[in-house]
Amino acid sequence: MFAHAVMRALRKNKTLRYGVPMLLLIVGGSFGLREFSQIRYDAVKIKIDPELEKKLKMNKVSLESEYEKIKDSTFDDWKNIRGPRPWEDPDLLQGQNPEIRNTKTT
């Protein structure tokens, strides 16, 4: 009979009903967040294979090298082609005359 009264009192106590689970969630979340953020720092410590590192250094692309590739290109002959809208058929839209493109298809 005494245990029944104690259980009823514990169920009515709002601190035990709502406060304790909230504190457990906050403290548990803190430990979980620490574990997930530790993965980021552990990934930095992993060493790369020396052969792979050599290949990566050989294939280095810089902004200057890309500029040298396109600096003599002319952009006078390009066409601005609009992509299809969700209700339009993309195969019919490409390469047709403007009158047909302006009509809304269903």
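Is Lys-71 buried, partly exposed or exposed? Let's work up to that in three exercises.

Before starting: this is a predicted model, where local features need pLDDT of at least 70, side-chain atom pairs count only at pLDDT 80 or more, and totals for chains, interfaces and linings use all residues. Residues are numbered from 1 along each chain as its sequence is written, and side-chain values use heavy atoms, with hydrogens and water left out.

**Exercise 1. Classify Lys-71 and its salt-bridge partner by accessibility.**

Step 1: get the cut-offs straight. Buried is under 20% relative accessible area, exposed is over 50%, and partly exposed is in between (1.4 Å probe, protein chains only).

Step 2: take Lys-71. Its relative accessible area is 42%, so Lys-71 is partly exposed.

Step 3: find the partner. Lys-71 pairs with Glu-68, and their closest N and O atoms are 3.2 Å apart. A salt bridge here needs a side-chain nitrogen of Lys or Arg within 4 Å of a carboxyl oxygen of Asp or Glu.

Step 4: classify Glu-68. With 46% relative accessibility, Glu-68 is partly exposed too.

**Exercise 2. Describe two more of the salt bridges, Arg-34 with Glu-35 and Glu-53 with Lys-57.**

Step 1: note the total. Searching the whole structure turns up four salt bridges.

Step 2: look at Arg-34 and Glu-35, whose closest N and O atoms sit 3.3 Å apart. Arg-34 is partly exposed at 47%, and Glu-35 is partly exposed at 47%.

Step 3: move on to Glu-53 and Lys-57, with 4.0 Å between the closest N and O atoms. These two are four residues apart in helix α3 (residues 50-58), so about one helical turn separates them. Helices are DSSP runs (H or I, at least four residues), numbered from the N terminus.

Step 4: check exposure. Glu-53 is partly exposed at 35%, while Lys-57 is exposed at 58%.

**Exercise 3. Work out which helices build the nonpolar surface patch.**

Step 1: list the members. Phe-2, Val-6, Met-7, Leu-10, Leu-16, Val-20 and Leu-24 make a patch of about 660 Å². To join, nonpolar side chains (Val, Leu, Ile, Met, Phe, Trp, Tyr) must lie within 5 Å, in residues with over 30% relative accessible area and no salt bridge. Areas come from the Shrake-Rupley method with a 1.4 Å probe, and for residues only the protein chains shown count as cover.

Step 2: assign helices. Both α1 (2-12) and α2 (14-45) supply at least two residues, and α1 gives the most, with four.

Step 3: check one member. Met-7 lies in α1 and is partly exposed at 43% relative accessibility.

Conventions:
Patch = residues over 30% accessible without salt bridge, like charges linked within 9 Å, V, L, I, M, F, W, Y side chains within 5 Å.
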